[in-house]
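Take a moment with the fold before going into the parts. The walk below starts with one helix and its surroundings, then widens to the chain.

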Amino acid sequence: MAYVVKKRGFYFTDILFMLGLFVLIYNPPIVGINSMHIVGLFSWGYLCIANTGGRFKLQISRDQRILFGQFMAIVLYLLLFAVLFNGQSATVLANPVYYLIDIIPFGMALRLRAYKKKYDEYWVINLAIVAGLFQSILAITSFLVPALQIFFVDKMVAYGYSDVYLTLSAFRMYGFASYLTSSTPIFQTLLAIISLYLASKKGTRYYLYAIV
């Protein structure tokens, strides 16, 4: 859905949404728990207070309740047939649970934010591009400053990733994300392509974003 932009400004809340999108996209091992849960907690809090005049009250539309119900059905199905009947690990529940408590609420919070501020559809795209620029700056800096790269890799190993990351760090592993050798470069390439497309529509600064 597109929104007509009436006023654009610099908002601290928008920075929080950018950081939340950064965490959901790259899932950096910031703390001992999955950092996506921090985004989920922020999203639930925003949903409870952003549209209620300061009162802490959650408002969910009928379509959103249906979506939650569908993912709950997936969780119950996996719990029953995969975990209880077939003895698989409960980790098979992780992805749908993440959607329920973290990803869907963040999407709802993004939509509410765009509606309240009359943002257009480019707002979320720009948030993703800024998050990608942030990751690129971390990657370039860790390439130029080996101590920062070692810090990032040590954080990932301490979080539970394989010690092979220490070996790979001699050749690559620049940046701060959980999937530096797979989805992160793919997503960075996608953002670069989007930036090249937007350069002809929104301004030449997007060429610089693509280069970075």
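Against which helices do the buried residues of α4 pack? They pack against α1 (12–26), α2 (36–49), α3 (62–84) and α5. Keep in mind throughout that this is a predicted model.

Start with the dimensions of α4. The helix covers residues 94–117, which makes 24 residues. From its first C-alpha to its last it reaches 33 Å, close to the 34 Å expected at 1.5 Å a residue. Yet α4 has a bend, of about 45°, at Leu100. Leu100 is also one of the buried residues of α4. The others are Pro96, Asp102, Ile104, Pro105, Phe106, Met108, Ala109, Leu110, Leu112, Arg113 and Ala114. Asp102 and Arg113 are thus on the buried list together with Leu110 and Leu112. After α4 comes Lys118, with a positive phi near 60°.

Next, the nonpolar core. The largest one holds 46 residues. Within this core, Phe17, Phe106, Trp123, Leu127 and Met156 touch the most other members. Two or more residues each come from α1, α2, α3, α4, α5, α6 and α8 (183–202). The largest share belongs to α4, which gives eight residues. Phe106, one of the residues with the most core neighbours, is a buried residue of α4.

Met156 leads on to α6. This helix runs over residues 146–159. Its 14 residues should span 20 Å at 1.5 Å a residue, and its end C-alpha atoms are 20 Å apart, so the two values agree. Which residues of α6 are buried? They are Gln149, Phe152, Val153 and Met156. These four cover an arc of only 95° around the axis, which means that they lie on the same side of α6. The spacing fits helix geometry: an α-helix has 3.6 residues a turn, so residues three or four places apart point the same way. On the other side of α6, Ala147 and Ala158 are exposed. The cover over the buried residues of α6 includes α5 (122–144) and α7 (164–168). Gly160 follows α6, and its phi is positive, near 135°.

Now take α8, where Leu190 is found. Is Leu190 buried, exposed or partly exposed? Its relative accessibility is 43%, so Leu190 counts as partly exposed. Compare its position with that of Tyr119. The two residues are 71 residues apart in sequence, and their C-alpha atoms are 23 Å apart in space.

Step back to the chain. Its secondary structure comes to nine helices and zero strands. The C-alpha atoms fill a box of roughly 55 × 50 × 30 Å along the principal axes. The chain has 212 residues, of which 37% count as buried. Among contacts with a separation of 6 or more, 65% join residues 24 or more positions apart.

Finally, consider confidence. The average pLDDT of the chain is 86, and 92% of the residues score at least 70. Residues 1–7 fall below 50. In the model, this stretch still has 16 contacts beyond near neighbours in sequence. Where pLDDT is low, the predicted coordinates should not be read in detail.

How values were computed:
Residues are numbered from 1 along each chain as its sequence is written. This is a predicted model: local features need pLDDT of at least 70, side-chain atom pairs count only at pLDDT 80 or more; totals for chains, interfaces and linings use all residues. Side-chain values use heavy atoms; hydrogens and water are left out. The expected span of a helix is 1.5 Å times one less than its number of residues. Buried means under 20% relative accessible area, exposed over 50%, partly exposed in between (1.4 Å probe, protein chains only). The arc is that of the directions from the helix axis to the C-beta atoms. Contact means heavy atoms within 4.5 Å. The bend at a residue is the angle between axes fitted to the seven residues ending there and the seven starting there. A nonpolar core is a set of buried Ala, Val, Leu, Ile, Met, Phe, Trp, Tyr and Cys residues joined through side-chain atoms within 4.5 Å. pLDDT is the predictor's confidence in each residue, from 0 to 100.
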